[in-house]
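Got a model on screen and wondering where the labels come from? Let's go through a few of them.

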Amino acid sequence: MDFQELVKFRRSSRWLFSKKPIPDADLRKILEAARFAPTPHNCQPFEIIVVKDRDIIRQISKVEFRLDKNAVDGHFYWTRFTREELESKKDGVYVDVLPKFVLDLKDNPQLINDDTFWKKAMELYALLIQNSAVLLFILYNRSLPGVGPLAHLWGIISIGAVMQNIWLAANDLGISVQLVSGQLMLPESARKLRQILQIPEKKFRLLLMMRLGYESKFGKYGTKIRREIEDFVHLNKFSNKFT
Ligand SMILES: Cc1cc2nc3c(=O)[nH]c(=O)nc-3n(C[C@H](O)[C@H](O)[C@H](O)COP(=O)(O)O)c2cc1C
């Protein structure tokens, strides 16, 4: 795909994938893209765990999480409930791609304390994870010496570059991607993931989980909306709009 086209095509795919395996050659192309991400001093502060083993994927899918009120409120702050709202704010996530359990919480806030509700929500979430060809985990190596007070921040920024290279390479190969952050937000769930993946204590921070796979034909995309260049670019000084 042409570069500009690919960047605009890159998308979150939030539904069931088929378990059809990703050819090793394609997986290597995706990892090759990760390899060449820019990092501070070329320190390459990342490790990637590729999970193909169905039993490990199943174990990961069983790691549950619950959102607290803050997290639910955070979701709704960024949810756009109408097209008008989406188009005027030009940010956030359109309601049509939000998981049903989050929407249920909007209508019935008391569900936040309901075990049966969470059990059902987690079953659906588990299904999404199980229906992935591969899971990728990106770890940040926080033990590397950095330079200056921003060293860790810059290191973590470079994990974003790794993520983006993976995402673009995958989408270019016709492989869909979803970032899955629910378990990583909660210390207890993240600890369980670390145990399953046998990540050594302290040295590595587990930052990102990505599910990859081929889409079923029933997939539906979120609406692509972004601020215009003039909305966030400044010319010479912050007070001047870029035109
Ligand atoms: C650090 C990070 C975490 C994210 N976590 C999730 C997530 O848990 N679930 C999800 O569906 N999308 C997640 N996303 C995807 C964003 O919601 C998505 O990129 C954004 O809404 C724009 O949509 P697009 O990717 O289709 O362009 C995450 C993105 C980033 C960068």
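Here is a short back-and-forth on some of the labels.

This is a predicted model, where local features need pLDDT of at least 70, side-chain atom pairs count only at pLDDT 80 or more, and totals for chains, interfaces and linings use all residues. Residues are numbered from 1 along each chain as its sequence is written.

Q: Why is Q198 called exposed?
A: Exposed means 12 or fewer other C-beta atoms within 10 Å, buried means 20 or more, and partly exposed is in between, with C-beta atoms placed from the backbone. Q198 has 7, so exposed it is.

Q: And what makes Q44 partly exposed?
A: Q44 has 17 other C-beta atoms within 10 Å, so it gets the in-between label.

Q: What is odd about phi of Q44?
A: Phi of Q44 is positive, about 50°, although Q44 is not a glycine. Most residues other than glycine have a negative phi. Q198 also has a positive phi, near 50°.

Q: How do you know that the buried residues of helix 3 are on the same side?
A: Those residues are I57, I60 and S61. Their arc (taken from the directions from the helix axis to the C-beta atoms) is only 100°, so they sit on the same side of helix 3. The face turned away from the buried side carries the exposed D55 and R58. Helices here are DSSP runs of H or I, at least four residues, numbered from the N terminus.

Q: Which residues surround the ligand?
A: Among them are R11, S12, V93 and G222; the cut-off is a C-beta atom, placed from the backbone, within 6 Å.

Notes. Helices (H or I, at least four residues) and strands (E, at least two) are DSSP runs, numbered from the N terminus.
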